[in-house]
Amino acid sequence: MVKIKKKGESGAVTNYITRAQAIKKLQVSLAQFRRLCILKGVYPREPNNKKKVGKGSTAPRTYYYRKDILFLLHEPLLAKLREQRVHERKISKAISKEEWTTAKSLQVNRPGYKLDHIIKERYPSFVEALRDMDDALCMIFLFATLPVDHKNVPRGALDKSRRLAAEFQRYVVHTRCLRKTFLSIKGIYYQVVIHGQEINWMVPYQFAQDLPVDVDFRVMGTFLELYQTLAEFVLYKLYTDENLVYPPTMDMQKDAGAEGLNCFILETKDAKGLDSLQISAGAGSSQGKSQGKVLKDRLRTVQQVISKIKEKDEDDSEMAVDEPADGTADSAGFEDAMEDDEDDIQDDETVAAEGEENGEEDMNADALAAPAVSRKINDVTTFDQLVASHESVNQLRNLFSKSYFWLSREVPRQSLEFVIRSLGGTCGWDATSGTGSPLRENDPRITYHIIDRPPTTAFDAPEQKKKKDQLRYDSREYIQPQWVYDCINAGRLLSTKAYKEGAVLPPHLSPFVKGEEGDYVPEEAYKLLARQEDDLAEELGEEEEKEAEGMTEATAERDDNEDEEESHDAEIAAEASGVSFSEYSKQNPGKADDKRQPKDKKKSAEDEKRELAVIMMSKKNRKLYNAILRKQKGKEEETEKLKQRKEALKNEKKVVPKESKQGEVSKPLKAPKATKSTGAKVAAKQKEMKANKEKRAKRSK
C-alpha cells in the first residue's frame, strides 16, 4: 500500500516558516531576532505561491527559509543574546526593589559579545571583504557626520565611526589609491582601487542636520555594529600589508586643534620589533616614488630579457642560413628539435597521467597534452599595455606632487585636504579652519589659491577694494574648488581659464556614468571633451596634429584609389578576353555590383536576412529577441524625450526681451519726470473720467 500524503506535510509548506514560528523556535524577542538575522545575513523570502505555503490563507505574513532558521539554532551568538535578556530582567527587578547599588553594578557588568567569527564566516577571503566595503564605508561616514548629542545613537558608536573614517582616509593618502570623485547634491562620491577592487562610497556635506523621526536607528545601529567590525578587520590587513602599525596612534592635542589627518602618527613595523619612526606628511609621496622606481626597474629588466631572447633567436636563424649545404648542421638542428619535442611530449604525458590518477577528467588531460592551444599570445596582456597602464596610474598618483595649495576659509577643507594629499599635493589652510597648517598664506611656493567668494564688485567700498588687492599675489592662480575634482576625473591638470574667480563654471559631469549605445548623452559632455581636446592641442602643438591628420587622410585616399584602380583593371582585362559585363558581374558580384547597387537594395536585403533569421528562431528565442527590441525602442523613446525637452529649454532661453540683450544686466526703469504738460494732461483725463461716470449714473437712474 502506498502511503497517503497529507496536506501540509510536504512540498513548499515545509520549505518556509513564518516569523512568529521562527521567534518561538529560537526563544528570543523580536528585536533580538531582527539583530540576529542582520548579523548572520538571513533575510525574508517571498514564496511563489502564498496560498499553498499559508495552507489556504493569503494573509500578509513574513516568511523565512526553514533551513536558515535551523542554521541560526547553532549560532553561539544566540546564547549571548539570551544572557542579555536575562541580565535586563535582573536590572529591572533590582530597580523595582530600589536596590540601586546592585542595579548600577549590573548595568556596568552587562554581558557583551564579539562578531569576529561572523566576519570570518561571511567573508572567507580578503577580496570578498573588500567587495563589501562600499556599504560599510557609506554607513561609517554617515554616522561620522551625525551630531554627538544624538539620543538614539550612543556616543561611543559615533566616536568609533569618526576614528575608522579618518584611519581609512589616512591609508588612502599614504598609498595614493584615489581614482575618481564626483560632487553631487547628496554628498561627495569617491572611488579608490585597493588590490584590484574598486570601492565607491559617499561622504555627506558638513551641514547642520535635522534628523528624521521615522527612521529606525536601532536597525541602522545593528548594521553599523557589523560594518565597524568588518572595517577594523580590513584596515588591520591593509596597514600590515604596508608594514604599518594598526591602530595608528592619535595625538590628542592635534585632534583638539582640528589638524585633520595629521592627528594620526603612522609607525613602521620591523622584523625585530616596533620601530616607532614617525612618517611625515611627505613620506607617502616618497614611498610612492620609490615603489614606482622599483616597478620601472623590474619592467626594464623584463624588457632586457625579452630583447636578449629575440637577439638569440635572430642569431640562431642567421647561423642556420649561413651553414654549408652538406646537411650536417640541418640534421643536427633537426635532431635537437626532435629531442626537445620528445621531452615536451613526455612532460605532457606525465602530467596527463598524474591528472588521470587523481581522478581528473579526460578533457583536462587532452588540454594538457596540447601545449600549443594553451599558449595563446592574443589572450595575454602585452608589455606595452602594462607599461601604459602603469604610466597612467603613476601620473594620476603624482598629479599634484609639484603643486602647493592654499585653502580659503569658505571652501570645504576636509574634502579638499583629503583629495589633494591623496595625489601627492601639499595644502595649507587658514587658522580659523584649524591649527597645524604646513604652509603660510604668504608662502612663495603656493601655486594655486582655492577661493569660493565673489570678486571685487562695484558695490564694494574703496577701502575693501584696497584690502582685497593687497592680499592678492601675482605668483599664484586664484581658482574655484571644482577645478581640483575635474582634474582628478580628467587624469591631468586642466586649464584654469574656465575656473577663475567669479567665472561661470563648466558642467561637472559624473565619471561613474558609462554611456551605452542608444543612451542620452548631454551636449555638455561633448563640449567638455572638445575643451579638453583643445587644451591638449595647445600642449602638444597644433602643427603635430595637422601633420597626423594629413597623414591619415592621405593613407585613406591612397587605399581607396588603389581599390578603384584594381577593380577597373580587372574589368578591362575581362572585356579584352571576351567576357561580357553581365557574366563578369555574376562571377564577381562583390567587385562590380557594389558600385551600381543602390543603398536601398542593400538595406532591403539585410532586412530580408533578418526576417528569415527571426522566422527560423524557436519560440523562446523569438520572445527573447522581441523583448530586446522593445527595450531598445523604449530607450530610444526616452532619449528622444530628453532631446525634445532640451530643445524646448533652449527655445525658452532664446526668447529675450528686446530692451535687454543676453549677457547684460537690465537696468531698472526710472519714473518719468513730472512736467507741466504731463500734469495738465493727467488733470484733463481725470475730468473726462468723472464726466463719463456722471453720465452713466444718470442713464442707470
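In this predicted model, Gln480 is found in the loop that joins strand β13 (477-479) to helix α20 (482-490). With a relative accessibility of 9%, Gln480 counts as buried, because buried means under 20% relative accessible area. When residues up to four places away in sequence are set aside, Gln480 touches Ile450, Ile451 and Asp452, and also Tyr499, Lys500, Glu501, Gly502, Ala503 and Leu505.

The strand that precedes this loop, β13, belongs to an open sheet of four strands, arranged in the order β11-β10-β12-β13 with parallel pairing. β11 (426-429) and β13 stand at the edges of the sheet; each has a single partner strand, so one side of each is left without a neighbour in the sheet. From one strand to the next, the twist averages 25 degrees.

The pairing of β10 (residues 404-407) with β11 runs in the parallel sense and comprises four bridges. Within this region, Leu407 has Trp429 of β11 as its bridge partner. Helix α18 (residues 413-422) packs on the sheet, where it touches β10, β11 and β12 (448-450). The direction of helix α18 makes about 160 degrees with that of β11.

Attention now turns to another part of the chain. Asp159 lies in helix α10, which covers residues 155-175. The relative accessibility of Asp159 is 35%, and this residue therefore counts as partly exposed. Asp159 and Val148 are 11 residues apart along the chain, and a distance of 8.4 Å separates their C-alpha atoms.

How values were computed. Residues numbered from 1 in each chain as written. Predicted model: local features only at pLDDT ≥ 70, side-chain atom pairs only at ≥ 80, totals over all residues. Heavy atoms only, no water. Helix = DSSP H or I, 4+ residues; strand = E, 2+ residues; numbered from the N terminus. Buried < 20%, exposed > 50% of the residue type's maximum accessible area, 1.4 Å probe, protein only. Contact = heavy atoms within 4.5 Å. Pairing = 2+ DSSP bridges. Axes fitted to C-alpha atoms, helices over the stretch in contact; angles between N-to-C directions.
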